[in-house]
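Here is a small set of exercises to work through with the structure open in your viewer. Try each task before you read its solution.

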Amino acid sequence: MRWGMVIDLKRCIGCYGCQLSCKAENGTPPGVFFARVHKQEEGQYPTAQTTFLPVLCNHCDDPPCVDVCPTGASFVWEDDGIVDIDADKCVGCRSCMMACPYSQRFLNDDPQNYYGDQGATPYEQARVERHQTGVVMKCNFCRDRVRNGQDPACVENCPTIARYFGDLDNPNSEVSRLIRERSGFPLHPEKGTNPNVYYLPA
Amino acid sequence: MDDVPQNLTNAAETTGEVDDKWVSSSCSLCYASCSIKAHRVNGTVIKIEGNPESAVGKGRLCGKGVSGIMSHYDPNRLNKPMKRTNPEKGKGVDPMWEEISWDEALDTVAGKLKALREDDPRKLLIMRTTTVMTQHIPPFAFMSAFGTPNASAAGGGLHCGNGAHLISGIMHSSWSIVPDFQYCNYAVYFGASKGHAAGHASCSNMTMAADARARGMKMVVVDPFANQAGANSTEWVPIRVGTDAGLALAMANVLVNELEMYDVAYLKAKTNMPYLIGNDTRYIRDSETNKPMVWDSATSQACTFDKTDSADMAIEGTYMVDGKQCRPGFVLMKEHLKTYTVERGEEITTIPAENIRRIATEFAEEARIGSTIVIDGVTVPYRPVAAIAFRGSQGHKNSTYNMLSVDLLNHLVGAADVAGGCLGFNPACDGYPETGRLKYIPHPDPDGLMITGSWMGPHGPYPIGDPAPPERVGLQNLFPMAMGSVFQGSTDQEEMWEKFDFDYRPEFLLNLGANQIMSVGNSDAVEASLKKFKFIVSFDIFATETTEFADIVFPDCGYLETTDSRSNFPFIFSLPAGLGEWCWPIRQEVVEPEGERRLFADVLQELGDRIGITPDLNAAYNAWFELEGENRLKPDRKYTFAEIGDHDLKDKFGPDKGLDYFKEHGLVKWPKKPNEVYWRAFTDVRVPLYWEWMNDTWEKTMAIAEPKGLDIPKEYYSPLPDWLPCPSHECDHEDFDFYAFYYRDIVHTNSLTMENAWLDEAAQLDPYSYNIAINASVGREKGLQSGDLISVENEHGHKVEGRARLTETIHPEGLGIGACAGHWARRMPTAKGKGVFFNDLVELDWHHSSPSNLTVDLCAKVKVTKLEAAQ
């Protein structure tokens with residue numbers, strides 16, 4: 001069992017639904033995005049195009065962030081391949097942030113609420129304050145949801161159905177089929193990390 | 001890894017009861033009102049998701065929808081009634097708010113309203129925001145009961161679609177138009193973003209548009225900027241701002257006069273193209289019945305349109321009827337279109353002539369004229385092409401024709417409300433099967449032309465009423481094709497009122513959440529119009545820039561604190577078009593209102609009671625909600641808005657399906673049938689491609705206006721559409737070389753969402769949302785680079801400032817700015833100072849508005865000056 005995600009760039013319209021539903025699900029503090037959309041452009045006028053690249057932790061098979069972690073806080077769940085962080089063991093040294101070729105790890109040391117001196121909202125009290133500060137945080141494929149039989153929040157919400165989630169060890173899963181049939185590709189394969197997030201070409 | 005909040009565990013331990021509920025309701029971050037499920041744990045909303053049971057949003061939400069929590073819990077929300085203690089009013093002037101009791105606030109306002117009503121009820125102007133579209137009825141009910149003709153949306157509707165709604169109504173019996181995503185193969189978008197996180201049926205359209213693109217639908221996007229719809233296009237067609245009609249009419253010319261590919265059967269049966277037009281530009285009418293006449297080719301004589309098979313009606317030729325020379329409307333159309341060669345199209349739009357010809361040819365070929373398809377056992381016409389337009393293309397002085405010219409393409413190939421074509425949103429409904437209620441269908445007027453089956457108000461878009469001496473402050477009586485009006489905030493409003501001998505002036509503004517100083521045009525003009533009011537009451541969730549002009553502020557409930565029986569009705573507004581389900585969701589309280597907030601609709605009931613108009617209010621609600629029998633409100637009882645909603649639901653769905661049922665189940669739905677969705681083939685109505693009434697309307701308008709010294713340019717009232725320039729196209733001042741325009745940003749809804757901290761953060765990270773997009777080559781030629789602080793000035797000296805963003809994805813003459821940014825209100829700290837306030841470049845006067853529907857032109861010719869290099 002190896003959880004993986006497929007993002008269909010033909011369907012994505014850059015609405016930021018993943019970025020913001022992730023924020024709502026995980027209660028991440030300002031500046032922290034377990035999921036993000038990068039808006040870029042390609043080509044020259046008049047044939048230029050705006051492109052969208054949704055990014056998140058790639059849950060690599062060979063995650064350099066885990067290799068460099070001096071305390072064992074960064075680890076891979078053996079039963080499903082999800083790369084996760086045990087906040088109790090993290091000392092906030094940021095080695096993993098330096099090691100991650102995808103810049104998908106965040107140190108939780110900035111303000112914890114969005115309205116500054118006006119204090120934490122009831123939502124932030126319920127959802128943001130769960131996170132330890134001074135430690136590194138990242139996407140864990142909404143592991144609690146997944147263990148409950150749900151898809152990660154960004155997948156379940158995506159209004160264009162551009163995100164798919166499933167078992168990459170199973171060749172018959174939808175995600176395996178999509179990668180096979182539509183030439184799915186990971187980001188930066190040259191880094192040798194063997195990511196479990198794939199993209200389908202636009 | 002325990003995901004249960006700590007306070008939930010504690011509550012369970014101490015009380016033995018856990019409040020952990022998913023509540024079905026409706027979003028309100030924009031007027032699409034997608035269905036939501038809000039997760040409440042111990043009184044706190046901890047998540048908002050789409051409701052997968054609902055056809056409205058299909059269980060998924062855009063970035064704005066999932067971020068509603070932040071608007072709900074914003075500490076800057078209003079919680080108590082307030083009065084201003086600073087008598088001086090002005091842009092940025094501190095009102096010096098003082099919190100007061102509800103009793104004091106209600107006493108003050110009721111007293112003033114009572115006196116005003118006794119004096120002259122017309123002096124009340126009711127303004128409402130479009131983002132509580134779902135609750136548009138309470139202000140209208142109050143307007144009717146109070147006796148004022150003056151109510152409007154968002155300050156007069158710069159950000160709304162006078163042209164789009166008018167033409168969608170007349171031609172499709174709906175508020176807007178959209179491709180039939182399930183079957184369309186080739187869609188041309190003219191300044192529209194259907195399917196790209198904006199507008200009517202927003203989230204459903206996103207899913208359906210993505211399905212269509214994945215299926216292979218080609219999407220050709222005509223837009224000065226390839227940021228949103230253009231980014232997802234098969235082909236982006238950059239166009240000079242405001243010239244969409246020039247392209248559409250050149251394409252129509254290719255269809256009709258070059259390729260000769262048009263749907264003869266459709267034109268004969270479903271339009272007024274066979275109607276005979278005399279040399280006086282009017283129909284040839286039967287002397288007995290007064291009905292329009294056609295030429296019957298079978299009998300070689302003229303007869304009324306309803307006396308022969310449409311197949312026998314001539315659309316070519318010249319005839320003599322009753323001694324008058326006449327020709328079918330289609331002959332005039334063909335001749336008219338001949339003037340729009342592709343070369344002229346290029347001159348107007350900058351789009352190469354060959355591209356215009358190619359796109360028109362692709363459109364014509366893919367239309368598969370004459371074909372049919374069987375859907376669920378029903379045979380329907382199949383025309384898998386659509387040309388759609390919305391805010392961008394019709395937000396110009398030539399609003400009416402820009403929209404009509406685009407829609408003409410659909411009708412020429414018969415692709416209107418048939419499988420794969422351009423659809424209105426649900427123009428016909430066979431009704432809720434268990435009660436037979438909600439049944440509506442377009443029907444013909446005596447001329448055979450379509451009257452809508454359902455509309456957002458009591459007066460449909462067609463027939464066009466007769467112009468009358470103006471009484472409404474926006475002069476809409478004189479301009480019967482106008483919905484919103486420039487004159488509600490224009491610099492020449494006093495001049496107009498004087499010209500037309502107004503015997504009153506608006507004195508009292510009752511504002512329901514609109515922020516008109518940001519939503520209409522340049523703030524100097526709107527400020528001056530606001531300062532004229534003797535008294536302003538504002539119901540709001542934030543102390544916005546407009547609310548800062550108020551004398552009394554009522555803290556309104558937000559959408560998570562509101563119950564409303566009809567969050568997606570009328571179905572012509574925001575229920576997804578095409579096959580699927582009829583779906584009637586409600587909005588309901590997820591949490592109790594915080595602080596002293598009260599729902600504006602209930603406060604209007606209270607005010608009505610205090611000024612003694614409860615019976616009038618109840619009568620108005622009976623009419624607006626179309627309540628029947630025992631579900632009608634009784635005259636003397638003061639109802640809450642939720643109680644009225646209970647009546648509404650039982651009235652439509654039966655006595656067992658009142659508010660309690662809907663609170664538990666969230667919605668009622670049932671399947672759509674092909675004959676409802678593709679109603680046009682099954683409904684004996686025609687639509688006007690030749691707007692015969694225009695000359696009469698112009699003459700009647702002139703008969704009133706000319707003696708008062710107002711000239712109405714006749715070219716805006718021709719029966720056939722033209723490209724006519726915006727004021728920006730006529731500016732020839734040196735160094736004014738950009739057409740500035742605004743667009744709706746994907747993470748923002750008008751000015752409502754900029755105070756939302758998550759959305760603000762997303763917009764700050766977006767390359768364009770808060771910056772000024774300029775073509776990269778042109779920018780470099782001017783010595784600009786991304787991040788430079790620039791000044792943008794229109795020819796009248798109005799200026800805005802902002803940071804340049806050089807991009808290859810914008811037309812070289814275009815300058816794109818995200819709408820309604822640049823807040824300055826002191827109690828909206830997140831929004832304050834973010835982005836650029838484009839509207840300061842928008843002149844508000846007669847010259848900059850559509851002479852036929854009073855739409856304000858959204859573009860301006862501007863000069864760009866570098867103020868400071870990038871940091």
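**Exercise 1.** Determine in which sense strands β31 and β34 of chain B pair, and over how many bridges.

*Solution.* This is a predicted model, so begin by locating the two strands: β31 covers residues 772-775 of chain B, and β34 covers residues 814-818 of chain B. Next, follow their directions: the pairing is antiparallel and runs over 3 bridges. For one concrete pair, take Ala773(B), whose bridge partner in β34(B) is Gly816(B). Finally, step back to the sheet that holds both strands. In chain B, 6 strands close into a barrel in the order β30-β34-β31-β33-β32-β35, with mixed pairing. Neighbouring strands of this sheet are turned by 45° against each other on average, direction ignored.

**Exercise 2.** Describe the hairpin that β17(B) and β18(B) form, including its turn.

*Solution.* First come the strands: β17 spans residues 372-375 and β18 spans residues 378-381 of chain B, and they pair in the antiparallel sense over 4 bridges. Then check the register, where Thr372(B) stands opposite Pro381(B) in β18(B). Last, look at the turn: there are 2 residues between the strands, and Asp376(B) has a positive phi of about 50°.

**Exercise 3.** Work out how many residues of chain A are in contact with chain B, and which elements of chain A contribute.

*Solution.* Count residues on each side, taking two residues as in contact when their C-beta atoms, placed from the backbone, lie within 7 Å. The result is 41 residues of chain A against 50 residues of chain B. On the chain A side, the elements giving two or more residues are α1 (17-26), β2 (35-42), β3 (49-56), α4 (122-127) and α5 (143-147). Of these, α1(A) gives the most, with 7 residues. Sorting this side of chain A by class yields 18 nonpolar, 13 polar and 10 charged residues.

**Exercise 4.** Find how far apart the C-alpha centres of domains 2 and 3 of chain B lie, and describe the contact between these domains.

*Solution.* Start from the assignment for chain B: domain 1 is 100-149 + 481-567 + 600-665, domain 2 is 162-424 and domain 3 is 727-868. The C-alpha centres of domain 2 and domain 3 of chain B are 32 Å apart. Their contact takes 25 residues from domain 2 and 26 residues from domain 3. On the domain 2 side, α6 (162-172), α13 (391-394) and α14 (399-412) of chain B give two or more residues, and α6(B) gives the most, with 3 residues. By class, this side of domain 2 has 9 nonpolar, 13 polar and 3 charged residues.

**Exercise 5.** Explain why chain A and chain B each count as being as compact as a globular protein of that length.

*Solution.* Take chain A, which has 7 helices and 9 strands. Its radius of gyration is 17 Å, close to the 17 Å from the globule rule for 202 residues, so chain A is as compact as a globular protein of that length. Its C-alpha trace spans about 45 × 40 × 35 Å along the principal axes.

Now repeat for chain B, with 26 helices and 35 strands. The radius of gyration of chain B is 27 Å, close to the 29 Å that the rule gives for 871 residues, so the same verdict applies: chain B is as compact as a globular protein of that length. Along its principal axes, the C-alpha trace of chain B spans about 85 × 70 × 65 Å.

Terms used: Residues numbered from 1 in each chain as written. Chains lettered and ligands numbered in written order. Predicted model: local features only at pLDDT ≥ 70, side-chain atom pairs only at ≥ 80, totals over all residues. Nonpolar A, V, L, I, M, F, W, Y, C, P; charged D, E, K, R; others polar. Pairing = 2+ DSSP bridges. Axes fitted to C-alpha atoms, helices over the stretch in contact; angles between N-to-C directions. Domains from an automatic or database assignment. Rg over C-alpha atoms; globule rule 2.2 N^0.38 Å.
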